[in-house]
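Here is a friendly walk through a protein model for anyone meeting it for the first time. Have a look at the picture, then read on.

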Amino acid sequence: MQAVIINIFVDATLHVLATLGGVQFTVQQPRLKTDAASSGEVTGVIRLLGGVNGSVALGFERGCVLQIVSSMLGEDIRDLDLGQDIQDAVGEITNMVSGQAAQKLGDVTPRIEIRPDVVLMGQGAIPGQPRGAAVIAVPLIGPAGRLTIEFCWSE
């Protein structure tokens, strides 16, 4: 089941970013993480409840998020200091990824509830990660940097 959930979220993220931000990403080899800190400078967190409990986090590196937000807003954004604009854009991406994933997951396992949760600025611990649970990180490489999708849950 974990592989199904991971693939659904990766596909949803790739689709949303290609559609919304006009950016193509290449999926890299998944890896286990040993810490609870976000991999990105801006992170959108999605809460999973029901059949699994935990989170999916979209951690954007600086260059990556600036490129996507610039494309979304139709202007050249060069600074993360535009905090609310960046947070709103990542929140919108997180909402759209949640919606796409929920639709596909509903066909596989209707017991999982998906809720966009929070957008974090800066690198810190991701809320909603069960203590002691493994974190699976799937890096996506784009023209302006990396986005890492982090999966952490208990079944």
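Let's start with Ser 70, which sits in helix H2. This is a predicted model, so keep that in mind as you look around. Is Ser 70 buried or exposed? With a relative accessible area of 13%, Ser 70 falls under the 20% cut-off and so counts as buried. Setting aside residues up to four places away in sequence, Ser 70 touches Glu 75, Asp 76 and Ile 77.

Now step back to the whole protein. Its secondary structure adds up to three helices and seven strands. Reading from the N terminus, you meet the elements in the order α-β-β-β-β-α-α-β-β-β. The radius of gyration is 14 Å, close to the 15 Å that the globule rule gives for 155 residues, so the protein is as compact as a globular protein of that length. Taken along the principal axes, the box filled by the C-alpha atoms is roughly 40 × 30 × 30 Å.

How much of the protein counts as buried? The share is 46% of the 155 residues. On the outside, the protein exposes about 7,300 Å², and carbon and sulfur atoms supply 47% of that area. As for charge, there are 10 positive and 16 negative side chains, with the centres of the two sets 7 Å apart.

The inside is worth a visit too. In soluble globular proteins, nonpolar side chains tend to be buried together. Here, the largest nonpolar core has 41 residues, and those with the most contacts inside it are Phe 9, Phe 60, Val 65, Ile 86 and Phe 151. Elements giving two or more residues to this core include helix H1 (2-20), helix H2 (62-73), helix H3 (83-108) and strand S7 (145-154). H1 provides the largest share of the core, eight residues.

Phe 151 makes a good example. Leaving out neighbours within four places in sequence, its contacts include Ile 5, Ile 6, Phe 9 and Val 10, and also Ser 55, Val 56 and Val 138.

Contacts like these bring up the question of how far apart in sequence the partners are. Among contacts between residues at least 6 apart in sequence, 70% join residues at least 24 apart. Two pairs of residues show this kind of reach along the chain:

| Pair | Distance along the chain | C-alpha separation |
|---|---|---|
| Leu 49 and Glu 113 | 64 residues | 5.0 Å |
| Thr 26 and Pro 139 | 113 residues | 8.4 Å |

Leu 49 lies in strand S3. At 23% relative accessibility, Leu 49 counts as partly exposed. Besides Glu 113, Leu 49 is in contact with Arg 111, Ile 112 and Arg 115, again leaving aside neighbours within four places in sequence.

Thr 26 belongs to strand S1 (residues 26-27). Thr 26 is partly exposed as well, with a relative accessible area of 48%. Which residues does Thr 26 contact, leaving aside its neighbours within four places in sequence? They are Pro 139, Leu 140 and Ile 141.

Finally, another threonine, Thr 94, is found in helix H3. Its relative accessibility is 2%, so Thr 94 counts as buried. With neighbours within four places in sequence left aside, Thr 94 is in contact with Gly 44, Val 45, Ile 46, Leu 58 and Pro 116.

Technical notes
Residues numbered from 1 in each chain as written. Predicted model: local features only at pLDDT ≥ 70, side-chain atom pairs only at ≥ 80, totals over all residues. Heavy atoms only, no water. Core = buried A, V, L, I, M, F, W, Y, C linked by side-chain atoms within 4.5 Å. Buried < 20%, exposed > 50% of the residue type's maximum accessible area, 1.4 Å probe, protein only. Helix = DSSP H or I, 4+ residues; strand = E, 2+ residues; numbered from the N terminus. Contact = heavy atoms within 4.5 Å. Rg over C-alpha atoms; globule rule 2.2 N^0.38 Å. Areas by Shrake-Rupley, 256 points an atom, 1.4 Å probe, with all protein chains shown as cover. Lys, Arg positive; Asp, Glu negative; His and termini not counted. Charge placed at Lys NZ, Arg CZ, Asp CG, Glu CD.
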